[in-house]
Structures are given as structure tokens and as C-alpha cells.
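The exercises below ask you to read a chain from its overall layout down to single side chains. Work through each task with the structure open before turning to its solution.

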Amino acid sequence: MHVSIPELVSDESSLGVFLLVSVLMGGGAAWLAGRALAATWRPWWHLLLYMVILSFAVRFLHHALFDGKFLSLHYYLVDYLVCVGLGLIGFRLQRVTQMVSRYGWINQRAGLFRWRRRGDTTAGGVPKSG
């Protein structure tokens, strides 16, 4: 059984096309959408709904620019997962920045993806995360 990673993630059989369209263009748009949702204090699950639409746009770009399959559930799900993943990362980074900068008197950064209340630790000395 021969499984090729480029054929698994994109129907163009080119990893470069997948990285350009799905990751760079679609993922970049998802990153910005995640940041925008966090900046307007919307819940994270709204991102899942917006990525349905963005994934169709990414599929259309594959079809229009590189003659890829437009109505393919497999490749749509791959694009959706890429968009959701990068969108959630953008959302979380923006939310941590918000919580630390706007509520700095009560919160402090506890890592790239976490914050904690000032002076708040658990029994093991590990800070609680928000």
C-alpha cells in the first residue's frame, strides 16, 4: 500500500500548492479571523462556524487556480482542519494578550497560551490557567 502525504492532503499531488493555498492563504485568513473574534470578545466556538465558509473559499481557490476538485469531502475536511487549527491558535494568542493587557492588575502571563491570576498557584506550585 503506497500512501503519499501530498496526495493525502491535496489533490494536486504537490505539497507546495497545499502549503501555499491551504496553509499560507487559508491559514493566514483563519489566523486573522480568530484574532478578530477574540478581539470582539466572541466565544471560541464561533470560529468553527466561520471556518466552514472559509474552507469553501480555500477549496474554490484550489479549484480555480490549480484545477483541483471543488466538491471533495476529503479535501474539504483537510482544509477545514487547517483553518480551524490556525484560527484557534490566533484566537488563543489574542485572548491571552487581552487578558494580560486589559486586566494586568489581576492577571499575568503564564506562558504563550496561558495566563494566571497574580499570586494564584495550586498545591503543587503549578499556576492555575485561564
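**Exercise 1. Which helices each supply at least two residues of the nonpolar patch, and which residues form the patch?**

Solution. Begin with the helices: α2 and α3 (45-66) each supply at least two residues of the nonpolar patch, where helices (H or I, at least four residues) and strands (E, at least two) are DSSP runs numbered from the N terminus. The model is a predicted one, in which local features need pLDDT of at least 70 and side-chain atom pairs count only at pLDDT 80 or more, while totals for chains, interfaces and linings use all residues. Residues are numbered from 1 along each chain as its sequence is written, and side-chain values use heavy atoms, with hydrogens and water left out.

Next, list the members: L20, L24, M25, L65 and F66 form the patch on the surface, and together they have about 460 Å² of accessible area (Shrake-Rupley method, 1.4 Å probe, with only the protein chains shown counting as cover for residues). A patch of this kind joins nonpolar side chains (Val, Leu, Ile, Met, Phe, Trp, Tyr) within 5 Å, from residues with over 30% relative accessible area and no salt bridge, that is, no side-chain nitrogen of Lys or Arg within 4 Å of a carboxyl oxygen of Asp or Glu.

Finally, weigh the contributions: the largest share, three residues, comes from α2. L24 lies in this helix and is exposed, with a relative accessible area of 59% (exposed means over 50%, buried under 20%, partly exposed in between, with a 1.4 Å probe and protein chains only).

**Exercise 2. Describe the order of the elements and the burial of the chain.**

Solution. Counting first, the chain has four helices and two strands, and from the N terminus on these run α-α-α-α-β-β. Of its 130 residues, 35% count as buried, and the accessible surface comes to about 7700 Å², of which 68% belongs to carbon and sulfur atoms.

**Exercise 3. Is N107 buried or exposed, and which residues does it touch?**

Solution. Locate the residue first: N107 lies in strand β1 (residues 107-109), and with a relative accessible area of 3% N107 is buried. Then follow its surroundings: leaving aside residues up to four places away in sequence, N107 touches M99, W115, R116, R117 and R118, a contact being heavy atoms within 4.5 Å. As for M99, its backbone oxygen is reached by the side chain of N107 at 3.4 Å.

**Exercise 4. How many aromatic pairs does a search of the whole structure find, and why is the pair of Y76 and Y80 stacked?**

Solution. The search finds four aromatic pairs, using rings of Phe, Tyr and Trp (its six-membered ring) with centres within 6.5 Å, where planes under 30 degrees apart count as stacked, over 60 as edge-to-face and the rest as tilted. One of them is formed by W41 and Y103, edge-to-face at 6.4 Å centre to centre with 70° between the planes. This pair links distant parts of the chain, 62 residues apart, with W41 in the loop between α2 and α3 and Y103 in the loop between α4 (73-102) and β1. W41 is partly exposed at 37% relative accessible area, and Y103 is partly exposed at 34%.

For Y76 and Y80, the ring centres are 6.3 Å apart and the planes stand at 25°, so this pair is stacked. Both residues lie in helix α4, four residues apart, about one turn of the helix, and both are buried. Together with F56, Y76 and Y80 form one aromatic cluster.

Terms used. A polar contact is a pair of N or O atoms within 3.5 Å; within protein, one must be able to donate a hydrogen and the other to accept it, and residues adjacent in sequence count only if both atoms are side-chain atoms. Accessible areas come from the Shrake-Rupley method with a 1.4 Å probe; for residues, only the protein chains shown count as cover.
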